[in-house]
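Please work through the following exercises with the sequence and the coordinates at hand. Each task is followed by a solution in steps.

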Amino acid sequence: MSASDLTGTDKAILDVLKRGRDGDSPWGIATKGYLVDETGYSRNSVYNRLEVLEARGYVKLIHEPTRLFEFVSDPREE
């Protein structure tokens, strides 16, 4: 997947995960529910795109019961 292959949902998810990146507070971790709330996309859309982003190595599922994801990389920066 290249940057040009990203959907609007993909970009919104990555943008939310990258918030605070240049600050002193923790960043890069969010639950699926939080990503739904912050992006405005449907639960189904966010879930499906998280699966794709995880398969490509851009996010990592770090806690299954809460569906907590961690930012790994952004293809727009490669």
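The exercises below concern a predicted model.

**Exercise 1. The annotated span**

Task: State where UniProt places the feature "domain: HTH marR-type", and describe the helix and strand content of that span.

Solution: The unreviewed UniProt entry places this feature at residues 4–65. Within residues 4–65, helix accounts for 52% and strand for 13%. The C-alpha atoms at the two ends of the span are 32 Å apart.

**Exercise 2. Packing of α1 and α2**

Task: Determine how the axes of α1 and α2 are oriented, and identify the residues that make the contact.

Solution: A pair of packed helices is described by two quantities, the angle between the axes and the distance between them. For α1 (8–18) and α2 (residues 32–39), the axes come within 10 Å and cross at roughly 110 degrees. Angles of 65 to 115 degrees count as roughly perpendicular, so α1 is roughly perpendicular to α2. On the α1 side, the contact is made by Ala12, Ile13, Val16 and Leu17. On the α2 side, Tyr34, Leu35, Glu38 and Thr39 take part.

**Exercise 3. The β2–β3 hairpin**

Task: Describe how β2 and β3 are joined, and then locate arginine 67 relative to glutamate 51.

Solution: Strand β2 (residues 59–63) and β3 run antiparallel and are joined by 4 bridges. One of the bridge pairs can be named: histidine 63 has leucine 68 as its partner in β3. The two strands form a hairpin with 4 residues between them. In the turn, arginine 67 has a positive phi of about 55 degrees. Glutamate 51 belongs to helix α3 (residues 43–55). Its relative accessibility is 29%, so glutamate 51 counts as partly exposed. The C-alpha atoms of glutamate 51 and arginine 67 are separated by 11 Å, with the two residues 16 apart along the chain.

**Exercise 4. The aromatic pair**

Task: Find how many aromatic pairs the whole structure contains, classify the geometry, and decide whether each ring-bearing residue is buried, partly exposed or exposed.

Solution: A search of the whole structure gives 1 aromatic pair. Tryptophan 27 and phenylalanine 71 form this pair, at 5.7 Å centre to centre and with 50 degrees between the planes. Planes under 30 degrees apart would count as stacked and those over 60 as edge-to-face, so the pair is tilted. The pair links distant parts of the chain, 44 residues apart: tryptophan 27 is in the loop between α1 and β1 (29–31), while phenylalanine 71 is in strand β3 (residues 68–71). Buried means under 20% relative accessible area. Phenylalanine 71, at 10%, is therefore buried, whereas tryptophan 27, at 33%, is partly exposed.

Note on methods
Residues are numbered from 1 along each chain as its sequence is written. This is a predicted model: local features need pLDDT of at least 70, side-chain atom pairs count only at pLDDT 80 or more; totals for chains, interfaces and linings use all residues. Side-chain values use heavy atoms; hydrogens and water are left out. UniProt positions are given in the numbering used here, feature names are shortened, and annotations may be inferred rather than shown by experiment. Rings of Phe, Tyr and Trp (its six-membered ring) pair if their centres lie within 6.5 Å; planes under 30 degrees apart count as stacked, over 60 as edge-to-face and the rest as tilted. Buried means under 20% relative accessible area, exposed over 50%, partly exposed in between (1.4 Å probe, protein chains only). Two strands pair if DSSP finds at least two bridges between them. Axes are lines fitted to C-alpha atoms, for helices over the stretch in contact, and angles run from 0 to 180 degrees between N-to-C directions. Angles under 35 degrees count as roughly parallel, over 145 as roughly antiparallel, 65 to 115 as roughly perpendicular and the rest as oblique. Contact means heavy atoms within 4.5 Å.
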